[in-house]
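Colleague: I am new to this one. Can we walk through it together, one short question at a time?

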Amino acid sequence: MPPCNNLPSRAGLGLKPEHYGEILSDRPDIGFFEVHAENYMGEGGPPHRYLSAIAERYPLSLHGVGLSIGGSRDLDQAHLARLKRLIERYRPVSFSEHLAWSTHDSGYLNDLLPLPYTDETLNRVCAHVGEVQETLGTRMLLENPSTYLLFEESTIDEIDFLQAISERTGCGLLLDVNNVMVSAINHRLDAYDYIRRFPVERVGEIHLAGYDETADEAGERLAIDAHASTVHDDVFALYEFTLGRTGPIPTLVEWDNDVPDFPTLQAEAERVDDALARLPAAGRRVA
Amino acid sequence: MQHAQGEARFAAALADPELPLPEGLTSARGEADRLRFAVYRNNVHVSLVEALVRAFPVVHRIVGDAFFRAMARAYVAEHKPESAVLIRYGSSFADFVAGFPPAHALAYLADVARLEYAWSEAYHAADADPISLQDLATVAADLLPDVRLIAHPATRLLSSGHAIGSIWSAHQQEQVARVQTSQPETVLVTRPQAEVKASVLPEDDAPFIAALLAGDTIGEAAGKAGTGGHGFDPGAALAGLISLGAVSGLQINTQETFR
């Protein structure tokens with residue numbers, strides 16, 4: 001199976017329709033663009049025209065949000081077929097999805113919902129990841145979630161769960177550092193300890209984003225994975241610590257809500273490129 | 001099995017804020033927390049309402065943000081997307097609007113929603129090159145009555161008892177002009193290239209064009225439209241339809257020709 005990831009070890013940005021024209025006319029120096037696969041599942045029209053033009057000029061990462069890999073039910077074959085068509089059409093250099101579920105009897109719930117970590121769910125997720133990789137003909141990256149609640153029935157630690165999936169299926173991992181911070185705040189965990197224990201040799205991409213904050217019923221900090229602001233300083237510091245362990249890794253800045261003008265996004269990307277450039281050459285991981 | 005049961009409890013509690021939290025949830029302090037669970041519920045509902053705000057901008061503008069969001073929340077509660085392809089979400093929103101009592105004072109609102117969904121379908125429809133009047137001119141005159149049109153994949157036709165095309169156009173402007181809403185209109189939506197176009201058809205042409213787009217031959221369609229108003233000219237109506245970019249091929253007997 002081809003490797004899951006040929007993205008450059010640079011900053012990438014989420015591609016937003018608001019910026020199509022500007023990107024094509026100004027050709028900003030961005031390492032790669034990432035799109036949500038579901039936004040390009042129409043038959044034709046302007047979204048495909050623009051994506052084709054941008055994919056000719058930049059490496060493309062395809063990021064799915066709706067496959068429900070962490071769900072108990074069988075994968076939606078129609079959705080898998082749509083993903084396969086997109087991959088054949090655009091030949092993205094990376095495909096990633098989430099450790100989460102989103103589909104139930106009533107329909108598609110449009111959120112990344114959490115699952116308990118048990119032997120049963122581990123087997124299920126491994127079967128799903130294997131099926132995805134088999135059907136799409138590519139290795140994928142699986143992303144760690146941000147969560148707000150825990151399950152009493154969980155018997156496996158999240159990092160052990162992700163590592164077991166990666167070992168059994170050969171998939172790579174997408175390490176979302178903002179998700180690590182969100183979950184650490186929400187579950188009174190040490191985010192740095194999470195990064196120290198994470199199997200960094202399996203990481204093919206890093207995600208960064210901004211989070212919102214509120215409080216729960218007991219008045220404790222409740223961080224929300226909002227993707228609606230700049231990357232917070234605590235997350236950026238955690239990212240630099242992460243790079244110290246991983247070496248240079250392709251890093252996406254996600255900003256999906258209240259999307260700002262392109263120069264604001266570009267400034268976020270430059271901050272990431274600077275952090276990547278500061279890494280000592282000797283410390284760089286051999287790919 | 002436990003996994004599926006846990007999901008079912010979680011999904012039920014997402015749908016109904018009156019239900020107690022699903023069993024088996026906890027937090028670092030050792031108890032479940034309603035505000036934590038509410039983040040998930042909020043994510044589901046708000047993101048789907050936002051998807052409708054994006055898909056129905058004219059309806060949103062007509063009724064205002066608060067009314068639209070209340071109506072959209074009621075729709076979302078009953079109708080979840082059939083798949084993760086949210087660009088297709090809202091196919092039954094117009095029917096819902098038609099049956100939503102607080103919106104009944106605006107008799108045209110449901111048909112405006114229908115037009116907006118057709119616009120969205122046209123935006124995402126398959127690409128195809130439209131034929132031109134020159135392409136039509138290559139057909140021998142005696143064959144014309146047997147010609148069928150192949151509609152462009154983006155072409156949609158909507159007939160309403162209200163002036164939905166004029167209402168829609170007025171709301172594309174910063175200043176909304178007054179519209180006589182009770183005038184029946186037939187609107188053709190298509191996307192010959194990158195841009196979606198919505199055009200109000202002459203009322204006399206509408207039955208002819210509807211028959212053509214439904215697959216009748218030009219001869220059959222002209223026969224059905226024969227009783228139309230005295231302003232009706234099938235040649236001009238056909239030329240107008242092709243000029244709008246609504247046709248991507250011709251079928252003569254069983255042979256198809258595309259540009």
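Modeller: Start with two strands of chain A, in what is a predicted model. Strand β2 (residues 32-36) and strand β3 (residues 60-63) of chain A pair in the parallel sense over four bridges.

Colleague: Which residue of β3(A) is the bridge partner of A:F33?

Modeller: A:F33 belongs to β2(A), the strand of residues 32-36. Across in β3(A), its bridge partner is A:L60.

Colleague: And which residue of β3(A) stands opposite A:V35?

Modeller: Stay with the pairing of β2(A) and β3(A), which is parallel. Opposite A:V35 stands A:L62.

Colleague: Which residues of β3(A) point the other way from A:L60 and A:L62?

Modeller: In a regular strand the side chains alternate between the two faces of the sheet. β3(A) shows two sets, and all of their residues are buried. A:L60 and A:L62 point one way; the other way point A:S61 and A:H63.

Colleague: Now the next pair. Which residue of β4(A) is the bridge partner of A:H63?

Modeller: β3(A) also pairs with β4(A), in the parallel sense and over three bridges. In β4(A), the bridge partner of A:H63 is A:S96.

Colleague: How many residues of strand β4 of chain A are buried?

Modeller: The strand covers residues 94-98. A:S94, A:S96 and A:H98 point one way, A:F95 and A:E97 the other, and all are buried. The count for β4(A) is five of five.

Colleague: What do these strands build, and how many strands are in the closed barrel of chain A?

Modeller: The order is β1-β2-β3-β4-β7-β9-β10-β13, with parallel pairing. From one strand to the next the twist averages 30°. The closed barrel has eight strands.

Colleague: Turn to helix α6 of chain A. How many of its residues are buried?

Modeller: The helix spans residues 177-186 and is mostly covered. Its buried residues include A:V177, A:V180, A:M181 and A:A184. The cover includes β9 (172-176), α7 (191-197), β10 (203-208), β12 (221-224) and α8 (233-246) of chain A. Of the ten residues in α6(A), the buried ones number nine.

Colleague: Which residue with a positive phi follows α6(A)?

Modeller: Look just after the helix of residues 177-186. The phi there is near 50°, and the residue is A:R188.

Colleague: Let us move to chain B. What is its mean pLDDT?

Modeller: In chain B, 97% of the residues reach 70 or more. For the model, ipTM is 0.94 and pTM is 0.94. The mean pLDDT of chain B is 94.

Colleague: Which element gives the largest share of the side of chain B that touches chain A?

Modeller: 43 residues of chain B are in contact with 43 residues of chain A. The elements giving two or more residues to that side of chain B are α1 (2-15), β1 (25-26), α2 (34-55) and α6 of chain B. The largest share is ten residues, and they come from α2(B).

Colleague: How far apart are the C-alpha centres of the two domains of chain B?

Modeller: Chain B is divided into domain 1 (1-106) and domain 2 (127-259). Their C-alpha centres lie apart by 38 Å.

Colleague: Which helix gives the most to the largest nonpolar core?

Modeller: This core has 149 residues; A:L142, A:M181, A:V253, B:V112 and B:A113 have the most contacts inside it. The helix in question gives ten residues, and it is α6 (residues 109-124) of chain B.

Colleague: Why does this core lie between two domains of chain B?

Modeller: Both of them give residues to the core, so it lies between domain 1 (1-106) and domain 2 (127-259).

Colleague: What does B:V112 touch?

Modeller: Leave out residues up to four places away in sequence. The contacts of B:V112 are then B:V58, B:V59, B:I62, B:I164, B:I167 and B:W168.

Colleague: Last, the open sheet of chain B. Which are its edge strands?

Modeller: Three strands run in the order β3-β4-β5, with antiparallel pairing. An edge strand here pairs on one side only. The two are β3 (156-160) and β5 (197-201) of chain B.

Colleague: Which residue of β4(B) is the bridge partner of B:R156?

Modeller: β3(B) and β4 (residues 185-190) of chain B pair in the antiparallel sense over five bridges. In β4(B), the partner of B:R156 is B:V189.

Colleague: What angle does the direction of α6(B) make with that of β3(B)?

Modeller: α6(B) packs on the sheet and touches β3, β4 and β5 of chain B. Its direction makes an angle with that of β3(B) of about 175°.

Definitions and conventions. Residues are numbered from 1 along each chain as its sequence is written. Chains are lettered from A and ligands numbered from 1 in the order in which they are written. This is a predicted model: local features need pLDDT of at least 70, side-chain atom pairs count only at pLDDT 80 or more; totals for chains, interfaces and linings use all residues. A nonpolar core is a set of buried Ala, Val, Leu, Ile, Met, Phe, Trp, Tyr and Cys residues joined through C-beta atoms within 7 Å. A residue is buried if 20 or more other C-beta atoms lie within 10 Å of its own, exposed if 12 or fewer, and partly exposed in between; C-beta atoms are placed from the backbone. Domain bounds come from an automatic or database domain assignment. Two residues are in contact if their C-beta atoms, placed from the backbone, lie within 7 Å. Two strands pair if DSSP finds at least two bridges between them. Axes are lines fitted to C-alpha atoms, for helices over the stretch in contact, and angles run from 0 to 180 degrees between N-to-C directions. pLDDT is the predictor's confidence in each residue, from 0 to 100.
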